[in-house]
Amino acid sequence: MKAHYKHIPEVESNLFKSLSQNNNKEFDYPWHYHPEYELTYILSSQGVRYVGNSIENFFEEDLVLIAPNMPHCWINTHEQEQSARAIVIYLKEDFFDKTWMQSYEFDAIRRLLQLSGKGIKFDKTVALKLKDNFIEMQHLPPLEKLMMLLQILQELAQTTKYSLLCEHGFSYELNSTNNQRINIVYKYIREKYHLKISLADIAGQVNMSEEYFSRFFSKIMHKSFFEFLNEYKINRACKLLIETDKQVSEVCYACGYESIPFFYRQFKKFKNCQPKNYRLKYQQIAPMAVPE
């Protein structure tokens, strides 16, 4: 998953671009970055979302806003069956006219965009409330489309129902060699997470010594390799807890853990609860109705 620079083609508007993505099985664009803000609404699909050094599962109604040049991608899981569909809005540099964005009327939106430097994941209730707006927007003429976009941004700017993906911020060195190495690490974890991965294994994948790889990874991702690996494993465990009836011990071993107590400690660290409580909590909120 080399972090590619992605050029956003010009269209009739020099302010923003709105795209409907309809892929057969999965989102196929690799880990990438671009100079535009990006607002992504997942209509159908599921997998793992990478934004900066954040790793999370994503499902339908995933709504995320990220700042320019923040590496990101949505990667489908191998067992994906439904088609992958999303609406993606790119806000171009010219969108932020100084007179506009310094005015009182745009104060809330300006603060929202500043916060997007940490990556913003909006609550599912917020996404469902705005879903029709996103869909309708794709069929509107240019001026009405712009007005709808401003309405969406204002709603997002006023809500308190969100979480920050990179809580402490994230700065990334846009270096093609480092991008390629991180890409190799991501791919290896995705394919081997259920097995025992040693530091020697992963360092060998990028032709580094164990010590040098540890320093390299921590510098780029602002967390150690094993913290990153365990975070990935726990997110995969969460998916199994949600989608299957497997016992907690089965989930533990399926995600590459050999010790149940260690699995519990890692789950508590990343999710602030125990696996059974996580499953119960999800089952309680799963039948959530679409808000009026």
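Me: Before we start, how is the expected span of a helix worked out?
Reply: The expected span is 1.5 Å times one less than the number of residues. Keep in mind that this is a predicted model.

Me: OK, what does that give for helix 5?
Reply: Helix 5 covers residues 176–192, which is 17 residues. The expected span is 24 Å, and the end C-alpha atoms are 24 Å apart, so the two agree.

Me: Which residues of helix 5 are buried?
Reply: Asn 178, Asn 179, Ile 182, Asn 183, Val 185, Tyr 186, Tyr 188 and Ile 189.

Me: And what covers them?
Reply: The cover includes strand 3 (32–33), strand 5 (47–51), helix 6 (199–205), helix 7 (210–221) and helix 8.

Me: Switching topic. How many disulfides are there?
Reply: Zero. Take Cys 252: the nearest cysteine sulfur belongs to Cys 255 and is 8.0 Å away.

Me: Is Cys 252 buried or exposed?
Reply: Buried, with a relative accessible area of 0%.

Me: Why is there no bond between Cys 273 and Cys 238?
Reply: Their sulfurs are 7.4 Å apart, too far for a bond. A disulfide needs the sulfur atoms within 2.5 Å. Cys 273 counts as buried because its relative accessibility is 18%, and the cut-off is under 20%.

Me: Where is Cys 238?
Reply: In helix 8, residues 225–243. Cys 238 is buried too, at 1% relative accessibility.

Me: What does Cys 238 touch, beyond residues up to four places away in sequence?
Reply: Asn 57, Phe 267, Lys 271 and Tyr 278. Lys 271 is 33 residues from Cys 238 along the chain, with 9.1 Å between their C-alpha atoms.

Methods. Residues numbered from 1 in each chain as written. Predicted model: local features only at pLDDT ≥ 70, side-chain atom pairs only at ≥ 80, totals over all residues. Heavy atoms only, no water. Buried < 20%, exposed > 50% of the residue type's maximum accessible area, 1.4 Å probe, protein only. Helix = DSSP H or I, 4+ residues; strand = E, 2+ residues; numbered from the N terminus. Contact = heavy atoms within 4.5 Å.
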